[in-house]
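User: Hi! Could you walk me through this model and where its ligand sits?

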Amino acid sequence: MKARLAAFCSHGGSNFAAIADAALRGEIPIDVALMIHNNARAGAAARAAERGIAAAWVPRGGFPDDGAYEARLQELLDEHAIEYIALAGFMQLIPRSVVRRYSGRMTNIHPALLPLFGGRGFYGSRVHEAVFAAGMKVSGPTVHLVDEEYDCGPILAQRAVSIEDCRTPGEIAARVLVEEHRLYPETLGRLVRGLYRIEGGRAVLAV
Ligand code: GRF
């Protein structure tokens, strides 16, 4: 049985594509059934179309209030029988009702080693600029469960990459992104296989 997953994206969607491709190759027991984006120009939409994955544009600003926005998200998730949500470069806060409903089944990827360089204000290129300014010698992606605060849920997986020879924040971003594309599908595969358990707020891999 494959787990039905929705990805939420705002921009290029390269992580979404990496997850979808790993699923299409049969490497993870996941069916990427839906991609929701909040930005009409998101490159993720073309990537969904190329792969025959349903896509829905759900801009928060297109709804009169939070309730109507939440209802539309819930409706789409129900319509596609979604069991797991992977946030992949989604720049909008997920409504509380959706976070609660998918507790333990919603993940995010952050392009730095949390809890460093995370939380409010650390998004997009700002993350890598801060890592660069701090003179860090390693960085790397973090995949975590989503709870009601920014970048705060239990960490499922991290991978350190050397950035010692990176000369710009952009070089760091590119190096970390390569690892994101490996780590996110692998981690989702483990999650849907039930290989994580939460102990005292920490995620423990049961292998
Ligand atoms: C990635 O670096 C991800 O970690 C961050 O936003 C970026 C999204 O890239 N949250 P893409 O849309 O997956 O190409």
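Analyst: Happy to; here is a quick tour of the pocket, the ligand and some backbone details. This is a predicted model, where local features need pLDDT of at least 70, side-chain atom pairs count only at pLDDT 80 or more, and totals for chains, interfaces and linings use all residues. Residues are numbered from 1 along each chain as its sequence is written, and side-chain values use heavy atoms, with hydrogens and water left out.

User: Thanks! What space does the ligand take?

Analyst: The ligand takes the space of the largest pocket. To sit there, more than half of a molecule's atoms must lie within 2 Å of the pocket's grid points. A pocket is an open set of points on a 1 Å grid over the protein atoms alone, where a 1.4 Å probe fits, with protein on both sides within 12 Å along at least five of seven lines.

User: What volume does the largest pocket have?

Analyst: About 1,200 Å³, the volume being the space filled by probe spheres set on the points, which are joined across faces, edges and corners.

User: And how many residues line the largest pocket?

Analyst: There are 43, counting residues with an atom within 4 Å of a point. G89, F90, M91, Q92 and N108 lie nearest the centre.

User: Cool. Which residues are around the ligand itself?

Analyst: G12, G13, S14, N15, G89, I109, P111, L177 and E180, each with a heavy atom within 4 Å of the ligand.

User: Which atoms of S14 and G13 lie close to ligand oxygens?

Analyst: For S14, a polar side-chain atom is 2.5 Å from a ligand oxygen. For G13, a backbone N or O atom is 2.8 Å from a ligand oxygen. N15 also has a backbone N or O atom, 2.9 Å from an oxygen of the ligand. A polar contact here is a pair of N or O atoms within 3.5 Å.

User: How much of the ligand's accessible area does the protein cover?

Analyst: The protein covers 79% of the 370 Å² that the ligand has on its own, by the Shrake-Rupley method with a 1.4 Å probe.

User: Switching topic: where is the cis peptide bond?

Analyst: The cis bond joins L114 and P115, with omega about 5°. P115 is in the loop between strand 5 and helix 5 (125-133); helices (H or I, at least four residues) and strands (E, at least two) are DSSP runs, numbered from the N terminus.

User: And what phi does A81 have?

Analyst: A81 has a positive phi of about 50° though it is not a glycine. Most residues other than glycine have a negative phi.

Key
A polar contact is a pair of N or O atoms within 3.5 Å; within protein, one must be able to donate a hydrogen and the other to accept it, and residues adjacent in sequence count only if both atoms are side-chain atoms.
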